[in-house]
Amino acid sequence: MKALKIAIAGVGKIVYDQHLPAIVANPDFELVATASRNHTIDGIAAFRNIEEMLAARTDIDAVSLCMPPQYRYEAARLAIRAGKSVFLEKPPGATLSEVESLRELAASHAVTLFASWHSRHAPGVQVLKNYLLEHPPRQVKVIWREDVRHWHPDQEWIWQPGGLGVFDPGINALSIVTEILPEQIFLQQAALEFPANRQTPIAAQLSFTDSAGTKVHADFDWRQTGEQTWDILIDTDDAHLHLKKGGHELWINQSRQELPEEGEYPSLYRHFSGLIRHRACDVDVAPLRHVADAFMLGQHIVTDPFV
Ligand code: NAP
């Protein structure tokens with residue numbers, strides 16, 4: 001089958017780290033162009049913005065949008081209106097309503113819209129999901145603690161409205177939780193810590209439940225130095241489950257499980273290719289909805305300035 005011609009808009013950290021190697025290794029895609037104000041990829045046609053790229057390269061089939069979420073909607077709108085399939089990095093937008101608008105636009109133009117959640121493609125996630133179908137969870141504890149200075153150097157957008165702060169990594173945990181739990185959860189209580197000089201939170205405590213009364217607690221913190229923690233601990237009636245390293249290790253009763261080997265981004269692009277071939281969309285806003293709920297319901301606590 002002919003490779004799909006794909007372009008990337010918003011070239012930065014995640015593109016160099018993950019999108020580029022995943023696209024290059026996938027024979028379903030041929031990277032033909034980028035649209036980015038300051039960054040390029042060696043050997044690939046480069047445009048300063050998406051308008052110029054779409055006008056010059058009408059042969060493009062699909063576009064991956066990897067700029068920060070606050071700047072994604074307009075690029076997505078232009079790409080969809082030009083008839084291109086669109087891959088949205090996570091989170092899919094700055095608001096729930098704009099993602100809904102994109103979903104409708106994609107349907108009316110009969111193109112694929114994929115709101116990607118890379119953590120759902122970590123190798124332990126589907127294995128754990130299947131286990132929980134047979135063994136319902138009784139209690140869930142999420143611990144997502146990392147060092148913002150290490151992972152987001154010089155990224156001002158994460159501290160600006162719409163940048164989500166600690167929910168930028170925390171939404172990855174929520175994308176896993178909403179994928180694996182058999183019941184829908186909803187937020188009951190939250191406390192968000194905002195540095196005095198910033199617009200977005202640096203830490204959050206969230207308490208959820210579901211219609212069966214399952215307790216789900218999430219602890220997100222961006223101030224952790226030393227060892228980093230991306231763990232989900234689940235108790236069922238007969239087992240203790242531990243999803244570690246953002247979904248890359250799964251332990252059941254202290255026994256490490258064999259997991260598939262495919263990486264998150266190769267799996268995302270395999271899924272995107274399938275969606276395009278079937279003219280389908282995949283847009284699940286559940287993780288973003290929980291973050292919106294946290295901003296709506298959460299107690300706001302002012303903490304030390306972040307410098
Ligand atoms: P980044 O490097 O700060 O930004 C990506 C690129 O977007 C920048 O290099 C910049 O390219 C462009 N950009 C920045 N501000 C813009 C603006 N105002 N208007 C238009 N374009 C702008 O960020 P990133 O770490 O790659 O993250 C991008 C997205 O990927 C985020 O949604 C993040 O949550 C997600 N993500 C990141 C990681 C990670 O480890 N970093 C992991 C998974 C997912 P130009 O200056 O060339 O235009």
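**Ligand surroundings and domain arrangement**

In this predicted model, a polar backbone atom of Lys90 lies 2.8 Å from an oxygen atom of the ligand. A second backbone approach comes from Ile14, with one of its backbone N or O atoms placed 2.9 Å from an oxygen atom of the ligand. Trp157 takes part through its side chain instead: an N or O atom there is 2.9 Å from a ligand oxygen atom. Considered alone, the ligand exposes 880 Å², and the protein buries 83% of that area.

Stepping back from these individual pairs, the shell around the ligand is made up of 23 residues, and the closest of them are Val11, Ser36, Asn38, His39 and Asp168. By character, the shell comprises 10 nonpolar, 7 polar and 6 charged residues. It is also worth looking at where the ligand sits: the space that the ligand takes is the largest pocket.

The chain itself is assigned two domains, with domain 1 covering 4-115 and domain 2 made of 119-259 + 292-303. Measuring over C-alpha atoms, the centres of domain 1 and domain 2 are 27 Å apart. Where the two meet, domain 1 contributes 8 residues to the contact and domain 2 contributes 12 residues.

Which domains supply the shell around the ligand? Both domain 1 and domain 2 do, each giving at least three residues to the shell. The picture that emerges joins the two themes: a ligand in the largest pocket, with a shell drawn from domain 1 and domain 2.

Notes. Residues numbered from 1 in each chain as written. Predicted model: local features only at pLDDT ≥ 70, side-chain atom pairs only at ≥ 80, totals over all residues. Heavy atoms only, no water. Near = heavy atom within 4 Å. Polar contact = N/O pair within 3.5 Å; in protein donor to acceptor, adjacent residues only side chain to side chain. Areas by Shrake-Rupley, 256 points an atom, 1.4 Å probe, with all protein chains shown as cover. 1 Å grid on protein atoms, 1.4 Å probe; cavity = no way out; pocket = protein on both sides within 12 Å on 5 of 7 lines; lining within 4 Å. Sits in = over half its atoms within 2 Å of the grid points. Nonpolar A, V, L, I, M, F, W, Y, C, P; charged D, E, K, R; others polar. Domains from an automatic or database assignment. Contact = heavy atoms within 4.5 Å.
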